[in-house]
Amino acid sequence: VTLGPLLGDLDLPEGAAAPAYLARLAASAPSIVNAPDYARQIVDLARRRAIMRVARGALDAAASPAIGGPTQAIAAEAIDGLNEIVAAGGERRRRPLSESAGDLLAHAEKIRAGTMVSQAATTGFRDLDTATGGYEAGALWIVAARPGVGKTIFQVTSSLKVARAGARSLRETGEGFSALAYSLEVPERQVCARYLSDLCYIPRAPIEYGRIARGEFSDDEAGRLAAAQKTLSRLPLTLDASSKLTLAEIGAGVRAEKAAMARAGSRLAVVFVDYLKFIRASDRYKGQRHYEVGEISAGLKQLAKDEGLCIVLLAQLNRALESREDKRPNLSDLRESGDLEADADVVVFLHREAHRILKSPEFRSGSAEAHARYALVEREAELIVGKNRAGPERTVKLWCLPSCSTMADAARGAG
């Protein structure tokens with residue numbers, strides 16, 4: 001009706017008159033009911049073209065005649081491009097708040113009734129679970145300490161406890177969960193020795209991880225180590241001992257492990273990263289470490305949220321702590337960027353008074369008082385919860401034996 005008078009005597013396909021031609025167009029037009037489906041097809045085709053562009057770029061870069069180029073950079077750039085496509089196509093969660101609240105209450109009631117267990121994975125430490133609720137899906141944890149205090153000990157013990165709890169849950173309920181540990185600093189053999197030493201610990205007969213790495217153990221201890229290795233083979237725990245990785249490479253590894261665990265009937269619940277310094281940032285803020293750290297923490301937080309798991313990032317505290325009279329760390333001691341505090345759901349500081357005394361001039365000079373103080377706190381450690389979106393800030397006391405890379409809620413006996 002609108003276009004007919006405007007077309008007039010124009011030459012139309014097949015010599016059709018304007019009214020007949022317009023009528024045929026209207027009859028063949030798709031229904032607006034199908035418009036959303038057509039829109040989804042258009043978006044899907046656009047994403048496919050984007051994937052093709054990334055793939056062609058990677059192919060061209062890999063086929064470049066330049067020899068000795070940074071192949072990791074080529075792969076990382078391709079992963080970054082694919083990750084952007086994945087993020088752009090992510091599921092939108094827009095819905096009425098009342099519906100979200102209703103789902104939350106229904107879930108909480110099932111937990112209260114005992115028909116459902118909490119989806120948060122245990123940290124492995126009873127009082128820390130009470131304070132924080134455990135490793136909640138979507139959360140970013142920062143576990144920070146000065147060098148040598150015990151960040152790697154925490155990762156080893158906590159990841160083992162997560163895996164053991166996940167294996168037990170699978171046996172008892174048919175729903176298991178797993179852990180993935182990135183050891184970017186400690187070499188694979190050394191970190192494996194730590195895991196074995198922790199698993200083998202018994203009071204008065206420990207097998208220090210240093211002796212394991214050097215092959216200095218008896219036949220009886222060799223049997224215990226073999227049993228520990230067999231236990232590890234049954235635990236849903238994966239180790240990645242790569243050196244420096246980019247955020248994109250970590251994201252790709254997490255998604256691959258999550259898919260592998262899903263095929264095995266388990267869910268990836270916690271990812272440990274030891275530690276921040278060895279994550280390579282993109283070139284966007286090259287040379288500006290403050291912004292690089294912010295990019296890393298924001299990226300890990302987004303990864304945790306998108307993949308529905310908890311990421312535990314180990315970090316180092318700044319040197320200013322050493323010059324203070326009070327050596328107990330706080331949020332201002334986080335190194336390099338305030339974004340760590342802002343992005344984290346939980347910030348935990350690891351403190352060992354024994355380590356501080358051991359490094360003191362008084363202890364080194366042979367002071368009897370310093371040696372006596374050291375003997376009193378030698379096996380003690382504290383987890384200071386400096387930020388906690390899920391609850392109160394508090395300090396959790398632990399028992400720790402650094403030589404066996406192990407921690408526990410309470411002393412398991414003299415070592």
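Mentor: One definition before we start. Axes are lines fitted to C-alpha atoms, and angles run from 0 to 180 degrees between N-to-C directions. Keep in mind that this is a predicted model.

Trainee: At what angle does helix 12 run to strand 7?

Mentor: Helix 12 covers residues 289–307. It lies across strand 1 (140–145) and strand 7 (310–316). Its angle to strand 7 is about 160°.

Trainee: What is the strand order of the open sheet?

Mentor: The open sheet holds 9 strands, and their pairing is mixed. Strand 3 (237–240) and strand 11 (406–408) each pair on one side only, as the edge strands. Neighbouring strands are turned by 25° against each other on average, direction ignored. The order reads 3-2-5-7-1-8-9-10-11.

Trainee: Over how many bridges do strand 2 and strand 5 pair?

Mentor: Strand 2 spans residues 176–183, strand 5 residues 266–274, and the two are parallel. Within this pair, Leu 180 has Val 271 as its bridge partner, and Tyr 182 stands opposite Val 273. The count is 8 bridges.

Trainee: Which residue of strand 3 stands opposite Ala 181?

Mentor: Strand 2 also runs parallel to strand 3, joined by 4 bridges. Ala 181 faces its counterpart there, Leu 239.

Trainee: How many residues of strand 2 are buried?

Mentor: Check both faces. Gly 176, Ser 178, Leu 180 and Tyr 182 point one way, and Phe 177, Ala 179, Ala 181 and Ser 183 point the other way. All are buried. The tally for strand 2 is 8 of 8.

Trainee: Which helix gives the most to the largest nonpolar core?

Mentor: In soluble globular proteins, nonpolar side chains tend to be buried together. Here the largest core has 83 residues, and Tyr 135, Ile 142 and Val 312 touch the most other members. The top helix gives 8 residues and spans 151–173: helix 7.

Trainee: How many residues does the other core have?

Mentor: It lies apart from the largest core. Among its members are Ala 354, Phe 363, Tyr 374 and Val 377. Its size is 6 residues.

Trainee: What is the radius of gyration of the chain?

Mentor: Start with the globule rule, which gives 22 Å for 415 residues. The chain is well over that, so it is more spread out than a compact globule. Its C-alpha trace spans about 110 × 65 × 50 Å along the principal axes. The radius of gyration is 28 Å.

Trainee: What share of the residues counts as buried?

Mentor: The cut-off is under 20% relative accessible area. The accessible surface of the chain is about 23,000 Å², with 55% of it on carbon and sulfur atoms. Of the 415 residues, the buried share is 39%.

Trainee: Is Arg 204 buried or exposed?

Mentor: Most residues other than glycine have a negative phi. Arg 204 has a positive phi of about 65°, in the loop between helix 8 (188–200) and helix 9 (209–214). Its relative accessible area is 69%, and exposed means over 50%. So Arg 204 is exposed.

Trainee: And Ser 405, buried or exposed?

Mentor: Ser 405 also has a positive phi, near 50°. It sits in the loop between strand 10 (395–401) and strand 11. Its relative accessible area is 0%, so it is buried.

Trainee: Which residue does a cis peptide bond join to Asp 274?

Mentor: Most peptide bonds are trans. Here omega is about 0°. The partner lies in the loop between strand 5 and strand 6 (279–280). It is Tyr 275.

Conventions. Residues numbered from 1 in each chain as written. Predicted model: local features only at pLDDT ≥ 70, side-chain atom pairs only at ≥ 80, totals over all residues. Heavy atoms only, no water. Pairing = 2+ DSSP bridges. Contact = heavy atoms within 4.5 Å. Core = buried A, V, L, I, M, F, W, Y, C linked by side-chain atoms within 4.5 Å. Buried < 20%, exposed > 50% of the residue type's maximum accessible area, 1.4 Å probe, protein only. Rg over C-alpha atoms; globule rule 2.2 N^0.38 Å. Areas by Shrake-Rupley, 256 points an atom, 1.4 Å probe, with all protein chains shown as cover.
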